[in-house]
Amino acid sequence: AVVSTQSTGQSTYAVSLELTVYPQCDVTAINALKLDNKFVIDFDDTEYPYTVLLSCVTGYEYISQSPNTTTCQTSGMWDIQNNVNPNGDLGTCVQQMVPDAIEFTVVLETNLNCSTTDSQEVHITNMNNALTALLATPCPKCDYTDITAYSTGSLTCNIFIYVVVPTSEYPDTYRYKATEVQEMIIERFSPEDTTRRRRQSEINWNVTLATNDTLNIVCDTGYGTSDGNPDKCVQCQKGTVQSGNQCSGCPLNQYQDEMGQVDACKICLMEL
């Protein structure tokens, strides 16, 4: 806009003003699209374009096929208002569940002979007894009974210890407990502990730690690990199925219109 003023003297003064008017979007329009009170709306009007960040209250994870940030458009509408589904859904706040368990595997290389079934059973029994004594106090509900032994030579035997730590016993500290148990087993059978181990146990093997897997979350059927919190599980949403401990999207030409499904998506029927 140009505003001109003329004096009564000999000079003419011209003032040029450039005005920028930003569109205003109504935050209540976002509120009106909410499904429940689990949503959290964070409005940022410090600079244009104004934005709204969508998230969920503690214990819930925001899941949507569109970004969780919406911006104010020149039309005066939030961009997400043009992309919501017919039900006005901005996404879903899905409850994060405590997993069923945490599992891990420790593999020990020994100088034992386990070439026969009988010798394998003896070593498995001895290992089970050693773990019973080791974990009786720190994790009495841990399951370490799944022990297998495989011969890799005349005096070499690999022993696999599969450990399951139930989260029901430690709902708030299950990862800490699983880490503690894992470290105790590794320390107990590490080469550095051979002398102490021989004094305290009849298992006087020459043991070398081969591998120790990372802690794996075990989710209930139809649930997968949470993107927002990898220590929690969330129900697999439409368009996904549980695969292992994750919710995986359906492949091309397949779909899933139900929540909490496992393994298989549905085949899209093509009209001829």
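**Exercise 1. Determine what share of the 272 residues of the protein chain counts as buried, and set it beside the secondary structure and the contacts.**

Solution. Buried means a relative accessible area under 20%, exposed means over 50%, and partly exposed is what falls in between, with a 1.4 Å probe and protein chains only. By this cut-off, 34% of the 272 residues of the protein chain count as buried. The model is a predicted one, in which local features need pLDDT of at least 70 and side-chain atom pairs count only at pLDDT 80 or more, while totals for chains, interfaces and linings use all residues. Residues are numbered from 1 along each chain as its sequence is written, and side-chain values use heavy atoms, with hydrogens and water left out.

The next step is the secondary structure, where helices (H or I, at least four residues) and strands (E, at least two) are DSSP runs numbered from the N terminus. The protein chain has four helices and 18 strands. For the contacts, the criterion is heavy atoms within 4.5 Å. Among contacts in the protein chain with a separation of 6 or more, 55% are between residues 24 or more positions apart.

**Exercise 2. Identify which members of the largest nonpolar core touch the most other members, and which elements supply the core.**

Solution. A nonpolar core is a set of buried Ala, Val, Leu, Ile, Met, Phe, Trp, Tyr and Cys residues joined through side-chain atoms within 4.5 Å. The largest such core has 33 residues, and Leu 131 and Ile 185 are the ones that touch the most other members. At least two residues each come from strand E8 (101-110), helix H2 (117-135), strand E9 (143-153), strand E10 and helix H3 (174-188). Helix H2 gives the largest share of this core, six residues.

Beyond its neighbours up to four places away in sequence, Leu 131 touches Ala 136, Tyr 144, Ile 147, Ile 161, Ile 185 and Phe 189. Apart from this core lies another, of 11 residues, which includes Phe 39, Tyr 50, Val 52 and Cys 72.

**Exercise 3. Examine helix H2: compare its span with the expected value, and work out how its buried residues are arranged around the axis.**

Solution. The expected span of a helix is 1.5 Å times one less than its number of residues. For the 19 residues of H2 this gives 27 Å, and the end C-alpha atoms are 27 Å apart, which agrees.

The buried residues of H2 are Ser 119, His 123, Ile 124, Met 127, Ala 130, Leu 131, Leu 134 and Leu 135. They cover an arc of only 130° around the axis, and therefore lie on the same side of H2; the arc is that of the directions from the helix axis to the C-beta atoms. An α-helix has 3.6 residues a turn, so residues three or four places apart point the same way. The buried residues of H2 pack against E8, E9, E10 and H3, whereas the face turned away from the buried side carries the exposed residues Thr 117, Asp 118 and Ala 133.

**Exercise 4. Describe the geometry of the aromatic pairs and where their partners lie.**

Solution. Rings of Phe, Tyr and Trp (its six-membered ring) pair if their centres lie within 6.5 Å, and planes under 30 degrees apart count as stacked, over 60 as edge-to-face and the rest as tilted. The structure holds two aromatic pairs. Phe 39 and Tyr 62 are edge-to-face, at 6.1 Å centre to centre with 75° between the planes. Because Phe 39 lies in strand E3 and Tyr 62 in strand E5 (residues 60-63), this pair ties together parts that are 23 residues apart in sequence. Phe 39 is buried at a relative accessible area of 7%, and Tyr 62 is buried at 16%.

Tyr 150 and Phe 160 form an edge-to-face pair as well, at 5.6 Å centre to centre with 85° between the planes. Tyr 150 is in strand E9 and Phe 160 in strand E10, 10 residues apart. Phe 160 counts as partly exposed, at 29% relative accessibility.

**Exercise 5. Establish whether Cys 157 is buried or exposed, and list its contacts.**

Solution. Cys 157 is placed in strand E10, and its relative accessibility is 0%, so Cys 157 counts as buried. Leaving aside neighbours within four places in sequence, Cys 157 is in contact with Leu 108, Glu 109, Thr 110, Leu 112, Cys 114, Ala 149, Tyr 150 and Thr 152. The C-alpha atoms of Cys 157 and Asn 113 are separated by 6.1 Å, although these residues are 44 residues apart along the chain.
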